[in-house]
Amino acid sequence: MVKITFVQEDGTRQEVNAEPGLTVMEAAKTEDVPGIEAECGGACACATCHVYVEPEWREAVGPPSEMEEDMLDFAFDVREESRLSCQIRVSDKLDGLVVKVPSKQF
Ligand code: FES
């Protein structure tokens with residue numbers, strides 16, 4: 001299992017154990033992490049699974065694809081560290097990953 005920590009605006013942390021092969025969004029939904037809406041179910045078509053990847057994890061997570069970047073244009077308060085969590089595949093190298101959940105998705 002791969003440990004992923006979701007941090008809310010107010011600093012609340014929630015640890016989730018994710019099966020490799022799932023996406024970070026799916027891991028969040030399994031544990032009902034607040035703020036990850038994922039309206040399109042992971043099709044990279046809604047931008048409501050937006051998260052901020054903590055700086056020390058950005059290299060391991062990698063950059064967004066072109067399609068993801070286009071969809072990120074619709075997200076709220078997009079930053080350099082923004083990613084759509086449905087486009088991040090959980091793997092052993094992401095064990096310990098920390099992402100922040102935006103204050104809102106739109
Ligand atoms: S769940 Fe819709 S873009 Fe990620």
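Two strands pair if DSSP finds at least two bridges between them. The model discussed here is predicted.

Me: In which sense do β1 and β5 pair, parallel or antiparallel?
Reply: Pairing requires at least two bridges. β1 and β5 have four bridges, so they meet that cut-off. The sense of this pairing is parallel.

Me: Which residues in β5 stand opposite F6 and V7?
Reply: Both answers lie in β5, the parallel partner of β1. For V7, the residue opposite is K100. For F6, the residue opposite is V99.

Me: How many bridges join β1 to β2, and which way do the strands run?
Reply: One bridge partner can be named: T5 is matched with E15 in β2. The two strands run antiparallel, and the number of bridges joining them is six.

Me: Which residue in the hairpin of β1 and β2 takes a positive phi?
Reply: The hairpin has five residues between the strands. The positive phi is near 95 degrees, and the residue that takes it is G11.

Me: What is the order of the strands in the open sheet, and which are the edge strands?
Reply: The sheet has five strands with mixed pairing, in the order β2-β1-β5-β3-β4. An edge strand pairs on one side only, and this applies to β2 and β4 (82-84). From one strand to the next, the twist averages 35 degrees. The edge strands are thus named as β2 and β4.

Me: How many residues of β1 are buried?
Reply: Buried means under 20% relative accessible area. β1 has six residues and is mostly covered. The number of buried residues in β1 is five.

Me: Which residues touch the most other members of the largest nonpolar core?
Reply: This core has 32 residues. Elements that each supply at least two of them include β1 (2-7), β2 (13-18), α1 (24-30) and β5 (97-100). The residues touching the most other members are I4, F6, I36 and L97.

Me: Which residues is I36 in contact with, leaving aside its neighbours within four places in sequence?
Reply: I36 is a member of the largest nonpolar core. Its contacts include M25, A28 and K29. Others on the list are T48, C49, H50, V51, S85, V101 and Q105.

Me: Which charged residues lie over the rings of Y52 and F76?
Reply: A search of the whole structure finds zero aromatic pairs, but charges do sit over rings. At 4.0 Å from the ring centre of Y52, over its face, lies R79. Over the ring of F76, 4.6 Å from its centre, sits the charged end of K104.

Conventions
Residues numbered from 1 in each chain as written. Predicted model: local features only at pLDDT ≥ 70, side-chain atom pairs only at ≥ 80, totals over all residues. Heavy atoms only, no water. Core = buried A, V, L, I, M, F, W, Y, C linked by side-chain atoms within 4.5 Å. Buried < 20%, exposed > 50% of the residue type's maximum accessible area, 1.4 Å probe, protein only. Contact = heavy atoms within 4.5 Å. Axes fitted to C-alpha atoms, helices over the stretch in contact; angles between N-to-C directions. Phe/Tyr/Trp six-rings, centres within 6.5 Å; stacked < 30°, edge-to-face > 60°. Lys NZ or Arg CZ within 6 Å of the ring centre and 35° of its normal.
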